[in-house]
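Hello,

Here is the structure I promised to pass on to you. Have a look at it first, and then read on for what turned up in it.

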Amino acid sequence: MNHLPPARRSRVLHRSSRTLPPRAIGGHGAWLVEEGGREVLDASGGAAVSCLGHQHPRVVAAVQRQAGQLCYAHTSFFTTEAAEALAEELVGHEPGGLAQAYVVSGGSEAVEAALKLARQYFVETGEPQRSRIIARRQSYHGNTLGALAAGGNAWRRAPYAPLLSDAFSHVSPAFAYREQRPEEDEAAFTARLAAELEAEFQRLGPRTVAAFIAEPVVGATAGCVPAPAGYFRAVREICDRHGALLILDEVMSGMGRTGTLHAWEQEGIAPDLQAIAKGLGGGYQPIGAVLVSGRIVDAVERGSGAFQHGHTYLAHAVACAAALEVQRVIREERLLDTVVAMGERLERRLVERFGNHHHVGDIRGRGLFRAIELVADRGGKTPFDPAHRLHARIKAEAFARGLACYPGGGTIDGQRGDHVLLAPPYIVRPVEIDLIVDRLGEAVDAAI
Ligand code: PLP
């Protein structure tokens with residue numbers, strides 16, 4: 001077997017067909033333990049997943065309890081105590097009018113379900129011509145075909161383009177660092193984006209649009225990009241005026257990551273449908289959900305009476321029990337306060353370390369969801385040559401220093417801005433925040 005390339009020495013088809021990742025054998029708090037015993041500081045929770053860190057005793061006990069009692073019951077026959085309690089925890093107080101939760105196995109599934117629910121809402125309410133979805137360039141909504149069609153990440157879409165539905169169209173991202181013009185202030189930038197969205201409704205025919213979908217804080221594609229002030233209020237107003245639904249994809253930014261349970265709470269609006277996943281189960285089980293507004297629930301109930309969409313593992317009992325405990329820990333231990341405090345520390349330390357760095361053009365994000373963007377030339381915001389693969393080099397240099405962070409090369413209308421995304425767990429300690437920034441600083445300097 002040894003003549004085979006490293007990844008072929010494993011029967012797992014890994015992400016890379018050329019390299020074999022090291023084995024993780026344990027974890028505790030913000031740390032992962034590698035085979036051989038080396039400890040790696042998990043500065044991004046994988047892809048903003050591990051919100052409580054690793055091996056949280058309460059969540060491990062909840063998983064064991066549920067597994068000992070009942071692992072699985074098909075949702076066409078039964079509901080479970082775990083599913084009911086989780087939904088009550090999520091929408092029992094009807095945040096922003098979201099009244100019920102449809103529980104699936106992950107983020108892409110949640111986005112697919114949200115898109116289909118949006119479409120079904122209009123079939124139920126006598127507007128079957130509404131079949132268009134407007135999304136944004138430089139967004140990521142998942143890798144299944146519907147979610148990929150919604151996403152605006154050119155390189156992820158390219159190989160599968162012939163399979164992607166043309167029901168989706170894309171408008172500009174609300175990305176101030178890259179898109180705001182020198183002569184524009186924030187209000188003018190927001191107004192231009194709103195005018196572009198309005199024009200897209202008009203181009204398609206407003207009564208053909210079912211929904212607009214966006215990430216409140218863009219995650220993987222561009223690295224922790226919040227929208228300018230007032231953007232989401234303008235978007236909500238345009239959707240309402242045209243009778244379209246607003247889907248917010250909080251798969252990455254949701255469940256406390258930005259300092260409020262839902263990122264939309266900071267925008268003064270609420271969505272009609274919201275996809276959540278990563279911070280819902282914190283990596284203890286694969287789980288996602290769509291939070292559904294009362295008016296959509298009512299329309300389905302008055303209409304056909306069933307959401308025509310079902311997966312075998314809907315509302316899996318062990319996954320629900322894990323997510324319920326994760327959410328209870330966040331609430332009972334007031335971890336949103338920690339996210340705000342540690343997020344401020346992280347921002348402060350990043351500004352101290354990189355604020356005057358020749359190759360760091362932007363430091364951005366909210367709560368414990370922060371990124372730096374690397375540029376060849378700070379003044380001109382010129383990205384590094386993609387051939388340099390800077391984000392991959394930073395990842396390798398950081399990993400060699402015992403730091404797991406989440407770099408990306410955002411493809412933005414031909415421009416490529418390398419970034420590094422940080423999303424440590426909500427239980428991160430101040431000394432670990434400092435270590436993250438110190439190790440990242442060394443890695444960036446070594447990689448450039
Ligand atoms: N939506 C957003 C905003 C995401 O960041 C992701 C994953 O990174 C997804 C959807 C897809 O989630 P999953 O990988 O769990 O399918």
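Before we start, one definition will help: Ala, Val, Leu, Ile, Met, Phe, Trp, Tyr, Cys and Pro count as nonpolar, Asp, Glu, Lys and Arg as charged, and the others, including Gly, as polar. Please also keep in mind that this is a predicted model.

With that in hand, let's go to the ligand. The shell around the ligand holds seven nonpolar, six polar and two charged residues. Among the 15 residues there, the nearest are Gly106, Gly107, Ser108, Gly142 and Val251. Helix α4 (residues 107-124) supplies the largest share of this shell, namely three residues.

Next, the overall layout. The chain is divided into domain 1 (6-56 + 334-447) and domain 2 (60-332). Their C-alpha centres are 25 Å apart. Where the two touch, domain 1 contributes 36 residues and domain 2 contributes 33 residues. On the domain 1 side, the elements giving two or more residues include α13 (335-354), β13 (360-366) and β17 (415-422). That side is made up of 16 nonpolar, 14 polar and six charged residues.

Now for the inside. In soluble globular proteins, nonpolar side chains tend to be buried together. Here the largest nonpolar core has 135 residues, and Ala110, Ala114, Ala289, Val290 and Cys320 touch the most other members. Helix α12 (residues 317-332) gives the most to this core, with 11 residues. Both domain 1 and domain 2 give residues to the core, so it lies between them. To see one of its members up close, try alanine 289: leaving aside neighbours within four places in sequence, its contacts are Leu90, Ala101, Tyr102, Val103, Val104, Ala110, Ile276 and Leu280.

There is also an open sheet of four strands, in the order β1-β2-β3-β15, with mixed pairing. Its edge strands are β1 and β15 (403-404), each of which pairs on one side only. β1 and strand β2 (residues 31-34) run antiparallel to each other, joined over four bridges. For example, glycine 27 has leucine 32 in β2 as its bridge partner.

Finally, a residue to try yourself: is leucine 4 buried or exposed? Leucine 4 sits in the segment before β1 (24-28). A residue counts as exposed if 12 or fewer other C-beta atoms lie within 10 Å of its own. Leucine 4 has 9 of them within 10 Å, so leucine 4 is exposed. Leucine 4 and glycine 379 are 375 residues apart in sequence, and their C-alpha atoms are 46 Å apart in space.

Enjoy exploring!

Note on methods
Residues numbered from 1 in each chain as written. Predicted model: local features only at pLDDT ≥ 70, side-chain atom pairs only at ≥ 80, totals over all residues. Near = placed C-beta within 6 Å. Buried ≥ 20, exposed ≤ 12 C-beta atoms within 10 Å, placed from the backbone. Core = buried A, V, L, I, M, F, W, Y, C linked by C-beta atoms within 7 Å. Domains from an automatic or database assignment. Contact = placed C-beta atoms within 7 Å. Pairing = 2+ DSSP bridges.
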